[in-house]
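Work through the exercises below with the sequence and the coordinates side by side, trying each task before reading its solution.

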Amino acid sequence: MEPVIAITGLEKTYKGGFQALKGVDLSINRGEIFALLGPNGAGKTTLIGIVCGLVRPTGGTVIADGFDIARDYRAARTRIGLVPQELATDMFETVWHTVSHSRGLFGKPPNPKLIEQILRDLSLWDKRNNKIATLSGGMKRRVLIAKALSHEPTILFLDEPTAGVDVELRRDMWQMVRRLREAGVTIILTTHYIEEAEEMADRIGVINKGEIILVEDKRDLMKKLGQTRVQITLTQALAAPPDIGRETHLSEDGLTLSFTLSGEGHDQDTGVADALKALMQQGIDFSGVNAERSSLEDIFVNLVEARAA
């Protein structure tokens, strides 16, 4: 698949010596939703800032939609939209003027029909003549999204886009993201709501301490690193764990038997069935079975902790 963003050897050291990025290599495919995850201070915002032309790198190259962000700054920048974390915009301008003006900053001719459609999609049409200062926090966030879309970018960065917003905006935003992807726009998002990445992303990248520690297809990641913890409730207490062909743990009261399964789907179903069959063959009765699959958040936390150890 053709990469729309190609990052090679990207480095950033700030004054004072702090190295925010350490030789980052990353390719993002055209038309995908890519989730970049990492703890606070991992380098996510610095990476986005460099690609969007807001931060100057110390070393390395970034190619965005075929253009080098250093040599072909204007051409690269017009292809990128950014929804930042901060609610920074002119508070005394109207919604319509702010979004229209943002389009003009990228050298695009006026297109009232497009601006109207963007505002309608984001439930801002009724607020088009309102000044930004009079809007709620959620509505201001919608304006930032509208500004980022006004010049019709082929690449859209969403930096913590739903942090502190209402449920309605979050739902509207993800519907919009799906429509944009269907139209061919590449979406790169950072989020602390890992369930959103689990639901929306095609691929997951994890950054920690300025280094990319993993890039994986979401389904492959869940399959390779996801686990299911199985707990079987016994009807009578046991003095020791029974032999069921795998490592198990018995609770202190002897009434709960637990073990972990790797793999996905059929493999895990078979693992549970084999364990229950082994118990029945030994005459051990049970009253309940609970299987809990690892979430993407579990996998993320484990990856970061393992890297820090």
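The exercises that follow concern a predicted model, and they go from the whole chain to its cores, cavity, pocket and selected residues.

**Exercise 1. The chain as a whole**

Determine how many helices and strands the protein chain has, what share of its residues is buried, and what share of the contacts joins residues at least 24 apart.

Solution. Begin with the secondary structure, which comes to 10 helices and 14 strands. Turn next to burial: of the 309 residues in the chain, 45% are buried. Finally, take the contacts between residues at least 6 apart in sequence, and 68% of them prove to join residues at least 24 apart.

**Exercise 2. The nonpolar cores**

Describe the largest nonpolar core, identify the element that gives the largest share of it, and then look for another core apart from it.

Solution. The largest nonpolar core holds 42 residues, and those with the most contacts inside it are Leu119, Leu156, Val177, Ile187 and Ile204. Helix 5 (residues 137-149) contributes the largest share of this core, with seven residues. Apart from it lies another core, which has 26 residues, including Leu26, Leu36, Ala42 and Ile69. To see the surroundings of one residue of the largest core, take Leu119: leaving aside neighbours within four places in sequence, Leu119 is in contact with Val95, Trp96, Val99, Leu124, Trp125, Arg128 and Ala146.

**Exercise 3. The buried face of helix 4**

Find the buried residues of helix 4 (residues 112-121), and explain how they are arranged around the helix axis and what they pack against.

Solution. The buried residues of helix 4 are Ile115, Ile118 and Leu119. Seen down the axis of helix 4, these residues fall within an arc of 95 degrees, so they line one face of the helix. The general rule behind such a pattern is that an α-helix has 3.6 residues a turn, so residues three or four places apart point the same way. The buried residues of helix 4 pack against helix 3 (95-105) and helix 5. Just after helix 4, Ser123 takes a positive phi of about 55 degrees.

**Exercise 4. The cavity**

Establish how many cavities of 30 Å³ or more the whole structure contains, and state which residues line the largest and how they divide by polarity.

Solution. A search of the whole structure finds one cavity of 30 Å³ or more, and the largest cavity holds about 60 Å³ of space. Its lining consists of Ile5, Ile7, Leu26, Ile28, Phe34, Leu36, Leu47, Ile48, Val51, Phe157 and Ile188. Two or more lining residues come from each of strand 1 (3-13), strand 2 (19-29), strand 3 (33-37) and helix 1 (44-51), and helix 1 gives the most, with three residues. By polarity, the lining divides into 11 nonpolar residues, with no polar and no charged ones.

**Exercise 5. The second largest pocket**

Characterise the second largest pocket by its volume, its lining and the elements that supply that lining.

Solution. The volume of the second largest pocket is about 270 Å³. Its lining is made up of Leu114, Gln117, Ile118, Asp121, Leu149, Glu152, Pro153, Met176, Arg179, Leu180, Ala183 and Val185. Helix 4 and helix 6 (167-182) each supply at least two of the lining residues, and helix 4 gives the most, with four. Sorted by polarity, the lining has eight nonpolar residues, one polar and three charged.

**Exercise 6. Positive phi and burial**

Asp65 and Glu152 each have a positive phi although neither is a glycine; locate both residues and decide whether each is buried, partly exposed or exposed.

Solution. Asp65, with a phi of about 50 degrees, has its place in the loop between strand 4 (59-64) and strand 5 (67-68). At 16% relative accessibility, under the 20% cut-off, Asp65 counts as buried. Glu152, with a phi of about 60 degrees, lies in the loop between helix 5 and strand 7 (155-159). The relative accessible area of Glu152 is 43%, and Glu152 is therefore partly exposed.

**Exercise 7. Arg77, Gly107 and His151**

Decide whether Arg77 and Gly107 are buried or exposed, and relate each of them to His151.

Solution. Arg77 lies in helix 2 (residues 73-78) and is buried, with a relative accessible area of 15%. Not counting residues up to four places away in sequence, Arg77 touches Cys52, Phe106 and His151. Gly107 is found in the loop between helix 3 and helix 4 and counts as exposed, at 64% relative accessibility. Gly107 and His151 are 44 residues apart along the chain, and their C-alpha atoms are separated by 8.5 Å.

Methods. Residues numbered from 1 in each chain as written. Predicted model: local features only at pLDDT ≥ 70, side-chain atom pairs only at ≥ 80, totals over all residues. Heavy atoms only, no water. 1 Å grid on protein atoms, 1.4 Å probe; cavity = no way out; pocket = protein on both sides within 12 Å on 5 of 7 lines; lining within 4 Å. Points joined across faces, edges and corners; volume = space filled by probe spheres on them. Nonpolar A, V, L, I, M, F, W, Y, C, P; charged D, E, K, R; others polar. Core = buried A, V, L, I, M, F, W, Y, C linked by side-chain atoms within 4.5 Å. Buried < 20%, exposed > 50% of the residue type's maximum accessible area, 1.4 Å probe, protein only. Contact = heavy atoms within 4.5 Å. Arc of directions from axis to C-beta.
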